[in-house]
Amino acid sequence: MFNFDGQLVADALFIQRMGDTLQGVRDHRAAIKAEEMQQLQLFADEQRYAWLVAQYNNLADRYNGVLADNKKVDAAYADALAEKDRQIARLMAEKADLAAEKEEFRLIGYETCGKLSYALEEIQRLKIKAGELSPPKLKPDADL
């Protein structure tokens, strides 16, 4: 005799086991899919990180280049300033020398003018003494 109820229970248990198995496969596939997605995301993140590192290194290289250029410009500017300072010092020394020379020439000129006046007066006196010139006539003071 055929046990109909037993067959129904056996079929129900088989279907339940098949459902559990399929559910396990589905869960496993979902886990695998999630892991694959996580791996893809991790790969994408690694790629993005590598790109960012390359960009950073590029910017750092450019920054270092700009710093090097700035150092060259600063050195050239310092050299130019030093040269200008040397020129200014040389010109100031020349100016001081010229001022001293000018003062010396002024004193020599003043001394020479005094000697020339004295010599002209002496020549005039000698000519008067020698009789070549007549003595100057004194004007009477009108105020006296």
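How many salt bridges does a search of the whole structure find? The search finds five, and three of these pairs appear in the close-up views below, all taken from a predicted model.

**View 1. Helix 1 and the residue that follows it.** Helix 1 covers residues 4-130. Its 127 residues should span 189 Å at 1.5 Å a residue, and the C-alpha atoms at its ends lie 183 Å apart, in agreement with that expectation. After helix 1 comes glycine 131, which has a positive phi near 90°.

**View 2. Nonpolar surface patch with Phe14.** Phe14, Ile15 and Met18 together make a nonpolar surface patch of about 310 Å². Phenylalanine 14 belongs to helix 1. With a relative accessible area of 45%, phenylalanine 14 is partly exposed.

**View 3. Alanine 75 and lysine 102.** Alanine 75 is placed in helix 1. Its relative accessibility is 39%, so alanine 75 counts as partly exposed, the range for that class being 20% to 50%. Along the chain, alanine 75 and lysine 102 are 27 residues apart, and a distance of 40 Å separates their C-alpha atoms.

**View 4. Salt bridge between arginine 90 and glutamate 94.** The two side chains meet with an N to O distance of 3.1 Å. Because glutamate 94 and arginine 90 are four residues apart in helix 1, about one helical turn separates them. An α-helix has 3.6 residues a turn, so residues three or four places apart point the same way. Both partners are partly exposed: glutamate 94 has a relative accessible area of 37%, and arginine 90 one of 44%.

**View 5. Salt bridge between glutamate 111 and lysine 115.** In this pair the closest N and O atoms are 3.5 Å apart. Glutamate 111 and lysine 115 both lie in helix 1, where a spacing of four residues amounts to about one turn. Glutamate 111, at 47% relative accessibility, counts as partly exposed, whereas lysine 115, at 54%, counts as exposed. The cut-off for exposed is over 50% relative accessible area, which is why lysine 115 falls in that class.

**View 6. Salt bridge between glutamate 122 and arginine 125.** The closest N and O atoms of arginine 125 and glutamate 122 are 2.5 Å apart. These residues are three apart in helix 1 and are therefore separated by about one helical turn. Arginine 125 is partly exposed at 45% relative accessibility. Glutamate 122 is also partly exposed, with a relative accessible area of 23%.

Note on methods: Residues numbered from 1 in each chain as written. Predicted model: local features only at pLDDT ≥ 70, side-chain atom pairs only at ≥ 80, totals over all residues. Heavy atoms only, no water. Patch = residues over 30% accessible without salt bridge, like charges linked within 9 Å, V, L, I, M, F, W, Y side chains within 5 Å. Areas by Shrake-Rupley, 256 points an atom, 1.4 Å probe, with all protein chains shown as cover. Salt bridge = Lys/Arg side-chain N within 4 Å of Asp/Glu carboxyl O. Helix = DSSP H or I, 4+ residues; strand = E, 2+ residues; numbered from the N terminus. Buried < 20%, exposed > 50% of the residue type's maximum accessible area, 1.4 Å probe, protein only. Expected span 1.5 Å × (residues − 1).
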